[in-house]
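Here are two short exercises on how secondary-structure elements pack. Keep the viewer open and work along.

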Amino acid sequence: MIEVSAERLLEIGRELADGGERWHNHVLSPDCKLNEREQCALIVEASDRSEVYVTYSDDPMMDVGRALATMVHGADPLAAADSETTEVVQADSAAVTEMMRRAKDFAARGIHWHHHILFPECVFNPHPGDWTLVFEDPETGETLESVTIDKPEQDIRVTETLFFSQVVHS
Ligand SMILES: [Zn+2]
Ligand SMILES: [Zn+2]
């Protein structure tokens, strides 16, 4: 992994997006099972270059994480949440429905939770070639997974919206 500043990480994200390259990001909290350090980490994977960039900080850097997620997934998850408040957003799969049930319970009790969207080419994906959504239960230590062949657009939108809404409410 190549360590860079948060500003540089955003620039790299823009370069990759502008160049139409395959890339994606990760937000890793200190308690995350994918995180090797006791700090917050933001990761950008440039799959076509086989390079992984990382920024570490004691600050959660949620703004940068949100900006990168918006570049990767195409729409600001919170803007989508604001404009669709009348719509009941349902998860597609039973696994993600269970993740969201737990996420809402944690949010109501002020407990931070997190998830991962693992692209088929992601270096962290335990099911390479498939899409894997991972939810790390902060209380039980369990890891819930949803594995699909096709990109789970709806489940991504649902989980991203809930995840980033934690910033607003905390
Ligand atoms: Zn994690
Ligand atoms: Zn990845």
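Axes are lines fitted to C-alpha atoms, for helices over the stretch in contact, and angles run from 0 to 180 degrees between N-to-C directions. Helices (H or I, at least four residues) and strands (E, at least two) are DSSP runs, numbered from the N terminus. This is a predicted model, where local features need pLDDT of at least 70, side-chain atom pairs count only at pLDDT 80 or more, and totals for chains, interfaces and linings use all residues. Residues count from 1 along each chain as its sequence is written, while chains are lettered from A and ligands numbered from 1 in the order written.

**Exercise 1.** Work out how helix 1 and helix 2 pack.

Step 1: Get the geometry. Helix 1 (residues 6-18) meets helix 2 (residues 62-73) at about 5 degrees, with the axes 10 Å apart.

Step 2: Classify it. The two helices are therefore roughly parallel (angles under 35 degrees).

Step 3: List the contacts (C-beta atoms, placed from the backbone, within 7 Å). Helix 1 brings Ala 6, Leu 9, Leu 10, Gly 13 and Ala 17, and helix 2 brings Val 64, Ala 67, Leu 68 and Met 71.

**Exercise 2.** Trace the sheet and find what packs on it.

Step 1: Strands pair if DSSP finds at least two bridges between them. Three strands make an open, antiparallel sheet in the order 5-6-7.

Step 2: Find the edges. Strand 5 (114-118) and strand 7 (143-148) each have a single partner strand, so one side of each lacks a neighbour in the sheet.

Step 3: Check a pair. Strand 6 (residues 131-136) is joined to strand 7 by six bridges, and Phe 135 sits opposite Leu 144 of strand 7.

Step 4: Add the helix. Helix 4 (residues 94-108) packs on the sheet, touching strand 5, strand 6 and strand 7.

Key. Contact = placed C-beta atoms within 7 Å. Parallel < 35°, antiparallel > 145°, perpendicular 65-115°, else oblique.
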